[in-house]
Amino acid sequence: MRAFVLRARAAPTESQPLLAGIGGDAHTEILAHTLMNAIFVAQSHREDVVVYLVLESTRDYSRTLCFTAAEMQDIGGFHEQALLKKIAKALDASQGMGKEQRKQVEAGLTVETLSFERLVKQLAQDYTLYMMDRKGTPMREQHFSDNACFLLTDHIPMPKKTFNSLKRLGAEKISLGPTMLFASQCVVLIHNELDLRD
Ligand SMILES: C[S@@+](CC[C@H](N)C(=O)[O-])C[C@H]1O[C@@H](n2cnc3c(N)ncnc32)[C@H](O)[C@@H]1O
């Protein structure tokens with residue numbers, strides 16, 4: 001299984017500001033781009049992918065949306081608008097939820113009031129964690145376990161203290177070269193490298 005976690009520090013946890021943030025400072029379009037490149041291929045989708053979007057600009061709790069590609073049924077298209085609509089639906093479903101509660105939104109999509117830190121702790125039980133970072137080990141030199149989880153951020157860098165806690169969970173830093181890429185571009189390159197090894 002391949003898992004991707006996008007920590008979207010600027011992304012609002014309410015649907016209207018989320019949709020209004022497209023093309024603005026929050027750059028919420030990156031959520032759709034990352035989902036699209038993680039899940040879809042031409043005329044199909046990848047069965048072995050789970051994507052976690054962690055939205056952190058909130059008045060109460062972070063929202064962790066989990067998309068399980070193999071379980072998704074009514075995808076409704078892979079364009080930006082369809083994917084952002086799904087995210088907005090999950091956010092609407094999550095309003096009023098207490099801390100660390102989880103709700104099934106539709107087949108293959110859940111929303112949870114769970115922080116990034118708690119999420120990666122849970123994922124570390126089933127996956128080897130890889131933090132995407134330009135200063136890491138070149139991806140081509142790294143061996144990957146079958147259950148690999150790749151951690152990415154939006155345009156706001158990961159706080160320093162997060163690196164330390166990720167290190168304690170065994171996360172390794174992986175680089176895709178010296179150019180600073182969008183998270184969605186990293187996803188394409190990661191898939192490609194792993195596809196070539198399968
Ligand atoms: C747009 S970048 C984030 C830019 C942010 N201002 C920063 O300095 O980290 C989005 C994410 O993609 C990943 N990334 C971008 N370029 C990369 C590269 N060349 N190698 C590995 N990961 C990369 C990192 O996880 C980064 O946090």
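A residue counts as exposed if 12 or fewer other C-beta atoms lie within 10 Å of its own, as buried if there are 20 or more, and as partly exposed in between. The views below are taken from a predicted model.

**View 1. E100 is an exposed loop residue with a positive phi.** E100 has 12 other C-beta atoms within 10 Å, so this residue is exposed. The loop that holds E100 runs between α3 (80-94) and β6 (102-106). The phi of E100 is near 55°, a positive value in a residue other than glycine.

**View 2. H27 is a loop residue that also has a positive phi.** Although H27 is not a glycine, its phi is positive, at about 50°. H27 sits in the loop between α1 (15-20) and α2. With 18 C-beta neighbours inside 10 Å, H27 counts as partly exposed.

**View 3. Helix α2 is mostly covered.** The helix spans residues 29-39, and 8 of its 11 residues are buried. Among the buried residues are I30, L31 and A32 towards one part of the list, and N37, A38 and I39 as well. T34 and L35 are also buried. An α-helix has 3.6 residues a turn, so residues three or four places apart point the same way.

**View 4. D60 lies in a loop and is partly exposed.** The loop connects β4 and β5 (63-68). D60 has 13 C-beta neighbours inside 10 Å, so it counts as partly exposed. G98 is 38 residues from D60 along the chain, and the C-alpha atoms of the two are separated by 8.9 Å.

**View 5. The largest nonpolar core has 52 residues.** Within this core, V5, V51, L53 and L151 have the most contacts. Strand β4 (residues 49-57) gives the most to the core, with 7 residues. In soluble globular proteins, nonpolar side chains tend to be buried together.

**View 6. L151 and its contacts.** L151 is one of the residues with the most contacts inside the largest nonpolar core. Leaving aside neighbours within four places in sequence, L151 is in contact with V5 and V120, with L129, Y130, M131 and M132, and with A171. V5 is likewise among the core residues with the most contacts.

**View 7. M131 is a buried residue of strand β8.** M131 has 22 other C-beta atoms within 10 Å and is therefore buried. Its contacts, without neighbours up to four places away in sequence, are G136, L151, L166, A171 and K173. C149 is 18 residues from M131 along the chain, and their C-alpha atoms are separated by 8.5 Å.

**View 8. The shell around the ligand has 16 residues.** M132, T153, P157, L176 and L181 come nearest to the ligand. The elements that give two or more residues to this shell are β8 (128-138), β9 (148-153) and α6 (183-197). Of the elements, β8 gives the most, with 3 residues. By class, 9 residues of the shell are nonpolar, 5 are polar and 2 are charged.

**View 9. M132 and C186 carry a UniProt annotation.** An unreviewed UniProt entry gives "binding site" as the annotation for these two residues. M132 and C186 span 55 residues in sequence, yet their C-alpha atoms are no more than 8.2 Å apart, so they gather at one spot. M132 is found in strand β8, and C186 is in helix α6.

**View 10. The surroundings of M132 and C186.** M132 is buried, because 23 other C-beta atoms lie within 10 Å. C186 is buried too, with 20 other C-beta atoms within 10 Å. Not counting residues up to four places away in sequence, M132 touches F150, L151, L152, I174, L176 and C186. On the same basis, C186 touches M132, L152, L176 and L181. L152 and L176 therefore appear in both sets of contacts.

**View 11. Confidence of the model.** The mean pLDDT of the protein is 95, and 100% of its residues reach 70 or more. The model scores ipTM 0.94 and pTM 0.96.

Technical notes. Residues are numbered from 1 along each chain as its sequence is written. This is a predicted model: local features need pLDDT of at least 70, side-chain atom pairs count only at pLDDT 80 or more; totals for chains, interfaces and linings use all residues. Helices (H or I, at least four residues) and strands (E, at least two) are DSSP runs, numbered from the N terminus. A nonpolar core is a set of buried Ala, Val, Leu, Ile, Met, Phe, Trp, Tyr and Cys residues joined through C-beta atoms within 7 Å. Two residues are in contact if their C-beta atoms, placed from the backbone, lie within 7 Å. A residue is near a molecule or strand if its C-beta atom, placed from the backbone, lies within 6 Å of it. Ala, Val, Leu, Ile, Met, Phe, Trp, Tyr, Cys and Pro count as nonpolar, Asp, Glu, Lys and Arg as charged, and the others, Gly among them, as polar. pLDDT is the predictor's confidence in each residue, from 0 to 100. UniProt positions are given in the numbering used here, feature names are shortened, and annotations may be inferred rather than shown by experiment.
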